[in-house]
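Biologist: Before I trust the words used to describe a model, I would like to know which rule stands behind each of them. Could we take them one at a time?

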Amino acid sequence: MLEIKDLKAEIEGKKILNGINLVVKPGEVHAIMGPNGAGKSTLSAVLAGRADYAVKGGEVSFNGNDLLEMSPEDRAREGVFLAFQYPVEIPGVSTTNFLKTAINEKRKYLGLEPMEATAFLKFMREKMELMEMDKALTSRSLNEGFSGGEKKRNEVFQMAMLEPKLTIMDETDSGLDIDALRLVSAGVNKLKDGERSFVVITHYQRLLDYIVPDFVHVLYKGRIVKSGDASLAKELEAKGYDWIKAEVEQEANT
Amino acid sequence: MAEEVDIIDQVVGQEYKYGFTTNIEMETAPKGLTEDTIRFISSKKTEPEWMLEYRLKAFKYWQGLTAPSWQNFSYPAVDYQNIIYYAAPKEKITLDSLDQVDPELLKTFEKLGISLSEQKRLTGVAVDAVFDSVSIATTFKDQLKEKGIIFCSMSEAVHEHPDLVKKYLSSVVPYTDNFFAALNAAVFSDGSFVYIPKGVRCPMELSTYFRINAENTGQFERTLIIADEGSYVSYLEGCTAPMRDENQLHAAVVELIALENAEIKYSTVQNWYPGDKNGKGGIYNFVTKRGICLGDYAKISWTQVETGSAITWKYPSCILKGDHSVGEFFSVAVTNNMQQADTGTKMIHIGKNTKSRIVSKGISAGKSHNTYRGLVKVNKKADKARNHTQCDSMLIGDRSGAHTFPYIEINNKTGMVEHEASTSKIGEDQIFYCNQRGIGTEEAIGLIVNGFCREVLNQLPMEFAVEAQKLLAVSLEGSVG
């Protein structure tokens with residue numbers, strides 16, 4: 001599904017990603033962990049196509065397409081979804097209207113007719129029930145005045161509506177209390193179907209108690225320096241990141 | 001924001017959809033403005049003597065005036081002797097029957113999406129179509145007549161309803177009001193006349209569609225709406241013009257009179273040709289619009305969506321004379337490329353317990369400048385007058401400007417006036433967020449701008465709200481990256 005080869009990127013001349021390699025197969029859940037400033041959010045931004053970041057080398061293929069050549073909107077239409085760490089507010093635009101526009105833009109790209117209003121509303125109702133969404137949220141302006149937890153739940157709800165092939169979750173757990181964390185994770189788990197893949201970026205292990213990863217990777221100084229299974233996350237939780245930093249420095253010195 | 005600037009540079013004067021011209025034989029007045037021009041217009045309309053006298057008085061007054069210069073934009077001086085003041089399709093039109101209207105004209109309005117044939121009409125909307133200086137057709141007149149409602153062209157009203165015209169014409173905007181009002185009073189050609197009798201709720205939207213076609217002509221329409229006690233009417237005007245390289249002047253006057261307990265809702269979707277991306281051509285939209293709440297508990301509500309014109313310069317206003325009367329002004333003004341707008345409202349509180357509300361949304365893109373100018377005045381005797389003003393500006397790109405000039409004059413201690421203002425910029429973050437959900441940049445801007453204007457667009461009659469939304473998106477096409 002997703003194949004990242006030696007990806008290098010910088011922002012304003014500052015090197016952030018220094019050669020990332022990662023292969024995500026259909027149905028897999030990959031967690032990417034690492035200390036602050038390791039390049040976790042940059043990786044998600046580059047994959048989604050944010051213009052501020054300059055790609056300086058490497059390749060990313062998504063279902064056989066050259067992802068880096070595609071516009072952000074085409075990446076989304078091909079099935080890449082980014083759950084934002086800080087979802088933006090769009091005053092005056094309801095979540096319903098926003099999603100209807102998004103779905104119909106995607107359908108247009110795929111050569112399909114726009115979804116009928118009634119069919120759309122029915123589809124949305126189903127997804128709202130599935131995600132246990134509060135009806136009031138969908139008629140309010142997108143993210144405006146939402147609490148941190150509501151914003152993150154709205155991200156997961158949007159994911160359910162847009163049915164992506166690959167979801168990148170950028171520190172979705174940050175700023176969530178334990179109840180909100182449970183709700184968000186439960187939402188994600190409901191969307192796992194053996195085909196959809198997830199790249200879960202997080203600073204803390206606690207999210208991975210709820211969304212259990214198949215693989216855990218540690219990002220440090222713009223590289224994946226260690227990979228393992230779910231137990232690696234537990235080890236990080238217990239021991240912190242310092243031992244990994246030390247390992248990397250030692251390797252660099254020898 | 002490097003990419004954003006690039007894309008602004010690519011702004012092409014995107015096709016103005018209504019820029020075509022109609023080839024039809026016209027009868028015009030000779031270029032220029034003299035007493036003879038006014039006599040010519042008056043005789044073309046076979047007007048009674050009192051109307052001609054009024055025009056001539058206004059003309060004399062106008063000759064003593066110079067054009068105002070306090071506005072927050074500049075434009076080359078208009079040569080008033082280089083304008084044609086009257087242009088009408090040659091064929092004599094009998095207003096009663098559509099069959100007698102030149103098919104070329106019917107086609108023109110079809111092309112503009114305005115069907116004058118009642119079989120194909122928009123449900124619940126009666127239309128008066130004005131082409132250059134004359135009204136072409138007014139639909140649904142008979143159905144409206146059954147309720148005692150008068151909806152006709154101004155020329156017709158002068159003949160058929162002289163008492164009402166004499167009583168109210170010029171009563172809200174006298175010809176001495178300002179330079180353009182004086183000019184309009186002297187040379188006004190056509191426009192709509194509406195009278196809603198006591199206690200009648202007008203069963204359909206009334207609408208006038210203005211089309212400038214002829215070259216070198218100005219359009220000077222005059223609209224008068226009278227809502228008698230306890231009546232209600234919702235009226236909408238729309239306007240387009242061909243793409244021409246020279247600027248054309250549009251100086252209209254609109255007067256609204258709401259008697260006791262009456263309500264007038266007046267909506268404008270203005271899409272005159274805005275000129276090309278370098279600012280060549282386009283309409284000068286210099287209009288005086290004012291309403292008076294004459295009776296107690298009367299209400300006047302202005303809603304305007306201004307996307308066209310090279311320059312928009314107007315302040316639809318309310319004089320709140322009756323006690324407990326209410327004035328509202330909801331405005332969206334969009335400027336792109338080299339367009340300029342200096343627009344807002346005046347709320348004059350005279351009666352007790354009068355209330356006014358102003359919601360203004362200005363959007364500036366390209367190298368355009370967008371000014372809100374508003375006056376809230378509370379007179380000595382206007383006890384407990386209240387006003388709330390909300391004035392929001394949105395900037396797209398970094399070469400446009402937004403300006404706000406609020407004037408507040410309070411002469412009564414019990415008055416309560418609130419003013420809120422904000423300026424924002426469409427953020428890269430908002431656009432990227434939309435992109436990430438599969439929404440392209442142009443659609444994203446349309447969505448964000450429409451959200452920004454939601455409060456105002458909600459005021460428009462259903463039939464036109466959708467049109468207005470599309471118009472906003474089209475006006476800003478190619479304005480950001």
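Biologist: What makes helices α4(A) and α6(A) oblique to each other?

Modeller: In this predicted model, where local features need pLDDT of at least 70, side-chain atom pairs need 80 or more, and totals for chains, interfaces and linings use all residues, α4 (residues 117–131) and α6 (residues 148–162) of chain A pack at an angle of about 135°. Residues are numbered from 1 along each chain as its sequence is written, while chains are lettered from A and ligands numbered from 1 in the order in which they are written. The angle is taken between N-to-C directions, from 0 to 180 degrees, of axes fitted to C-alpha atoms, for helices over the stretch in contact. Angles under 35 degrees are roughly parallel, over 145 roughly antiparallel and 65 to 115 roughly perpendicular, with the rest oblique, and therefore α4(A) and α6(A) are called oblique.

Biologist: How is the crossing of α4(A) and α6(A) described, as left-handed or right-handed?

Modeller: The crossing is right-handed, a word used when the near helix is turned clockwise from the far one by less than a right angle, whereas an anticlockwise turn would be left-handed. The axes lie 10 Å apart, and the residues in contact (C-beta atoms, placed from the backbone, within 7 Å) are A:M124, A:K127, A:L130 and A:M131 of α4(A), facing A:V156, A:F157, A:A160 and A:M161 of α6(A). By class this contact has 7 nonpolar, no polar and 1 charged residues, where Ala, Val, Leu, Ile, Met, Phe, Trp, Tyr, Cys and Pro count as nonpolar, Asp, Glu, Lys and Arg as charged, and the others, Gly among them, as polar.

Biologist: Which helices of chain B can we set beside that pair?

Modeller: We can look at α3(B) and α8 (residues 179–187) of chain B, which pack at about 145° with their axes 7 Å apart, and whose crossing is left-handed. Among the residues in this contact are B:Y54, B:F59 and B:W62 of α3(B), with B:A182 and B:L183 of α8(B). The contact has 9 nonpolar, no polar and 1 charged residues.

Biologist: Why are β2 and β5 of chain A said to stand at the edges?

Modeller: Strands pair if DSSP finds at least two bridges between them, and in chain A an open sheet of 4 strands has the order β2-β1-β4-β5, with antiparallel pairing. Here β2 (14–24) and β5 (65–66) each have a single partner strand, so one side of each has no neighbour in the sheet. Within this sheet, β1 (residues 2–11) and β4 (residues 54–62) pair over 7 bridges, and A:E10 stands opposite A:A54. Helix α1 (residues 40–48) lies across β1, β2 and β4 of chain A, at about 70° to β2(A).

Biologist: What is the strand order in the open sheet of 6 strands in chain A?

Modeller: The order is β6-β9-β10-β3-β11-β12, and the pairing is mixed. At the edges are β6 (80–83) and β12 (223–228), each with a single partner strand. Inside the sheet, β3 (residues 29–33) and β11 (residues 215–220) run parallel and are joined by 4 bridges, with A:V216 as the bridge partner of A:A31. Helix α6(A) packs on this sheet, touching β6 and β9 (166–170), and its direction makes about 170° with that of β6(A).

Biologist: How do you know that A:E132 is exposed?

Modeller: A residue is exposed if 12 or fewer other C-beta atoms lie within 10 Å of its own, buried if there are 20 or more, and partly exposed in between. A:E132 has 12 and is therefore exposed; it lies in the loop between α4 and α5 (135–139) of chain A. Most residues other than glycine have a negative phi, yet A:E132 has a positive phi of about 55°.

Biologist: Where does B:T46 lie?

Modeller: B:T46 lies in the loop between α2 (35–44) and α3 (49–63) of chain B, and its phi is also positive, near 40°. With 10 C-beta neighbours inside 10 Å, B:T46 counts as exposed.

Biologist: What counts as a helix or a strand, and how many of each are in chain B?

Modeller: They are DSSP runs numbered from the N terminus, H or I over at least four residues for helices and E over at least two for strands, which gives chain B 12 helices and 23 strands. Of its 481 residues, 57% count as buried.

Technical notes
Contact = placed C-beta atoms within 7 Å.
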